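Visitor: I have a protein structure open and I'd like to learn how to read it. Could you walk me through it?

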Amino acid sequence: PDSVSNGTVVVFLNLNGVNPFGAALFNGGTTHGAGLLPTDIACADLQGDSLQPSLLCRQDVVTANFGSTGPDDISLLLGYDCLTLDFVDGGTCNIGDGVIAVATADLNGDGLADIVTANRPGDEVAVFLSAVRAISTPFGTGCPGTGGLIPAISGPALAIHDMTASVMLSNARPNAQCVLGVSSGIAVSPLGMGSSCINYLAPPVLVVVTSVTDMAGEFTFNFAIPPAPMFTGTELYFQWAVFDPNGSFLNILAFSDALRVRIGN
């Protein structure tokens with residue numbers, strides 16, 4: 001944290017060096033807004049949404065803001081993206097004035113990092129337990145079809161209990177047959193020699209829908225999420241295949257990137 005500049009966090013990325021320690025080990029650094037006078041900082045994957053190897057880079061930062069006297073005592077910077085070198089502003093939380101330290105750890109064994117702060121002059125420790133949040137995050141790369149268009153996947157409606165989730169295809173060839181596959185795991189498997197197409201779904205892969213895109217090259221698959229909390233934290237992975245005579249895979253198929261969907265709150 002950088003208290004002198006009144007509320008910023010500067011990130012320096014390690015360039016895979018080990019020795020000697022010094023500026024040459026890191027890139028130039030990027031600056032991000034935080035709360036007033038941050039005095040301590042902690043890093044963790046608070047939402048558990050990173051994927052390896054390097055499919056999704058989503059590390060989060062928490063700052064303890066000693067200079068705040070209202071709703072800005074800790075600040076969240078969510079999901080540092082290794083490609084864009086940026087965060088999403090996760091907002092602030094009022095946990096008592098005079099926050100001087102913050103730490104992260106999985107306190108209740110649910111696989112998610114929780115937050116602990118030390119508060120002065122309140123002489124107290126505050127504990128925030130992370131909740132399993134519904135997420136819908138694209139990752140990977142697709143391969144093009146007609147006109148060089150790369151089909152895209154997204155999840156406009158999150159997989160929240162007792163609600164309807166969605167997986168959308170866009171940017172595909174109009175009026176083309178499309179297939180949506182789903183898996184419970186990830187396997188980065190290039191398709192064919194010299195092909196730019198990658199299958200991200202680990203076997204077994206279930207075909208959940210076969211349909212036809214509209215004139216805009218779009219189609220949306222909707223599915224109901226059970227109300228039972230026993231499915232909380234369940235993750236599914238989706239990818240679209242589009243039949244296309246100009247598809248990068250053997251002039252037969254174009255593929256979207258992949259989508260990670262987690263059932264949660």
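**Reading the model, step by step**

Guide: Let's start with one residue: cysteine 178 is buried, with a relative accessible area of 0%. Keep in mind that this is a predicted model.

Visitor: How far is the sulfur of cysteine 178 from the closest cysteine sulfur?

Guide: The distance is 15 Å, to cysteine 143, and that is too far for a bond. For a disulfide, the two sulfur atoms have to lie within 2.5 Å.

Visitor: How many disulfides does the count come to?

Guide: The count is 1. Cysteine 143 and cysteine 197 are joined, with 2.0 Å from S to S. Cysteine 143 sits in the loop between strand S10 (135-139) and strand S11 (152-154), while cysteine 197 sits in the loop between strand S14 (186-190) and strand S15 (198-201). The pair is 54 residues apart, so the disulfide links distant parts of the chain.

Visitor: Is the link of cysteine 143 and cysteine 197 right-handed or left-handed?

Guide: Right-handed, with 95° about the S-S bond.

Visitor: And are those two cysteines buried or exposed?

Guide: Buried: cysteine 143 has a relative accessibility of 0%, and cysteine 197 is also listed at 0%. Cysteine 43, on the other hand, is exposed, at 56% relative accessible area. The cut-off for calling a residue exposed is over 50%.

Visitor: Next topic: charges. What is the idea behind a salt bridge?

Guide: Side chains of opposite charge can pair when their charged atoms come close. In this model the count comes to 3 salt bridges.

Visitor: Which residue does aspartate 244 meet in a salt bridge?

Guide: Its partner is arginine 173, at 4.0 Å from N to O. Aspartate 244 is in the loop between strand S18 (235-243) and strand S19 (253-262), and arginine 173 is in the loop between strand S12 (164-170) and strand S13 (177-183), so the pair ties together parts that are 71 residues apart in sequence. Aspartate 244 is buried at 3% relative accessible area, whereas arginine 173 is partly exposed at 26%.

Visitor: Which residues are linked in a network of salt bridges?

Guide: That network is made of Glu235, Arg260 and Arg262. Take arginine 260 and glutamate 235: the closest N and O atoms of this salt bridge are 2.9 Å apart. Arginine 260 belongs to strand S19 and glutamate 235 to strand S18, and the two residues are 25 apart along the chain. Arginine 260 counts as buried, at 4% relative accessibility.

Visitor: What about arginine 262 and glutamate 235?

Guide: Their side chains meet in a salt bridge too, with 3.0 Å from N to O. Arginine 262 lies in strand S19 and glutamate 235 in strand S18, so parts 27 residues apart in sequence are tied together. Arginine 262 counts as buried as well, at 5% relative accessibility.

Visitor: I keep hearing about strands. How do they make a sheet?

Guide: Strands of a sheet pair through backbone hydrogen bonds, either parallel or antiparallel. One case here is an open sheet of 4 strands, in the order S3-S4-S5-S6, with antiparallel pairing.

Visitor: Which strands stand at the edges of that sheet?

Guide: Strand S3 (38-44) and strand S6 (86-93) do; each has a single partner strand, so one side of each is left without a neighbour in the sheet. From one strand to the next, the twist averages 20°.

Visitor: How many bridges pair S3 and strand S4?

Guide: There are 6 bridges between S3 and strand S4 (residues 59-65), in the antiparallel sense. To follow one of them by eye, find alanine 44: its bridge partner in S4 is aspartate 60.

Visitor: Can we try another sheet?

Guide: Sure. An open sheet of 3 strands has the order S7-S8-S9, again with antiparallel pairing. Strand S7 (99-105) and S9 are at the edges with a single partner strand each, so one side of each lacks a neighbour in the sheet. S7 and strand S8 (residues 114-119) run antiparallel and are joined by 6 bridges. Among these partners, valine 102 goes with threonine 117 in S8.

Visitor: Last one: which residues form a nonpolar patch on the surface?

Guide: Leu107, Val125, Val127 and Leu129 do, with about 380 Å² of accessible area together. Valine 127 is in strand S9 (residues 124-128) and is partly exposed, with a relative accessible area of 47%.

Definitions and conventions
Residues are numbered from 1 along each chain as its sequence is written. This is a predicted model: local features need pLDDT of at least 70, side-chain atom pairs count only at pLDDT 80 or more; totals for chains, interfaces and linings use all residues. Side-chain values use heavy atoms; hydrogens and water are left out. Two strands pair if DSSP finds at least two bridges between them. Axes are lines fitted to C-alpha atoms, for helices over the stretch in contact, and angles run from 0 to 180 degrees between N-to-C directions. Patches are made of residues with over 30% relative accessible area and no salt bridge: like charges are joined within 9 Å, nonpolar side chains (Val, Leu, Ile, Met, Phe, Trp, Tyr) within 5 Å. Accessible areas come from the Shrake-Rupley method with a 1.4 Å probe; for residues, only the protein chains shown count as cover. Buried means under 20% relative accessible area, exposed over 50%, partly exposed in between (1.4 Å probe, protein chains only).
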